[in-house]
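Student: I should like a close look at a single part of this model. Please begin with one residue and then set out its surroundings.

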Amino acid sequence: MRDAFHEDLDKISDQLVTMTTMVATALERATTALIEGDRTVAESVIAADDDIDTLRREIDDLAVDLLARQQPVATDLRMVVTAMHMSSDIERMGDLARHIAKVARMAAPNLAIPDDMRPIIAEMAAVGQRLVKATGDAISSKDVYAAVEIGRIDDAMDELHKKVFTTLLDNWQHGMEAGVNATLLSRYYERFGDHAVAVADRIVYLVTGRYGNPDEGLSRDAH
């Protein structure tokens, strides 16, 4: 019974990593649709989000089943409970990729953002890819310091988010619609990073039983 239980825990962990891979693909394709004005790619991202939602439900169903049948304690209980929270955060990352695709679809075949904004958005997307890969790696390894590193990566996303608003406030000449699109898109990428950090915090809790703080050496400044 215990062997089967731990096999199910491993399955949940593997499924969470699979979710991060699916989200990474969604973000990459949504950004492609955005930068190239490709409606077909945008629609494929929107449709594929159902698969991420389905996997999230499968994880939650298995977690609830384990809670009911096995009544886990200590680390095992933390794994089951945090898995449900992590699946929710990762699913929301997929939702944000879908939102980006919807902005791209609405503007297609035109571009939702002006040319001088595209490099910033492309950089935000690149940081997003780093974040989601690091999230999958940290879930797989259960490495506290790998989880802490996610916060450092997200700092770069926050700086880019600020850069977008600086651009908007500095003699913006592309009209209201483009300004609204830039604001929304920047927020979507920034929130994508926030959910990765939320997963990282849950990994720290899973391993240590506590949320990290500087005294424990688990802050973003930890080495």
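Student: What is the relative accessibility of Met22?

Tutor: The model is predicted, so local features require pLDDT of at least 70 and side-chain atom pairs pLDDT 80 or more, whereas totals for chains, interfaces and linings use all residues. Residues are numbered from 1 along each chain as its sequence is written, and side-chain values use heavy atoms, without hydrogens or water.

Met22 has a relative accessibility of 25% and therefore counts as partly exposed (buried is under 20% relative accessible area, exposed is over 50%, and partly exposed is in between, with a 1.4 Å probe and protein chains only). Met22 belongs to helix H1 (a DSSP run of H or I with at least four residues, numbered from the N terminus). Its C-alpha atom is separated by 10.0 Å from that of Leu55, 33 residues apart along the chain.

Helix H1 spans residues 2–36 and also holds Asp3; Asp3 is exposed because its relative accessibility is 63%.

Helix H1 also contributes two or more residues to the largest nonpolar core, as do H2 (39–70), H3 (74–107), H4 (118–141), H5 (144–169) and H6 (175–208). (Such a core joins buried Ala, Val, Leu, Ile, Met, Phe, Trp, Tyr and Cys residues through side-chain atoms within 4.5 Å.) The largest share, 13 residues, comes from H3. Among the 69 residues of this core, Ile12, Leu34 and Tyr189 touch the most other members.

Helix H6 also contains Tyr188, which is buried because its relative accessible area is 18%. The C-alpha atoms of Tyr188 and Met157 are 11 Å apart, with their positions 31 residues apart along the chain.
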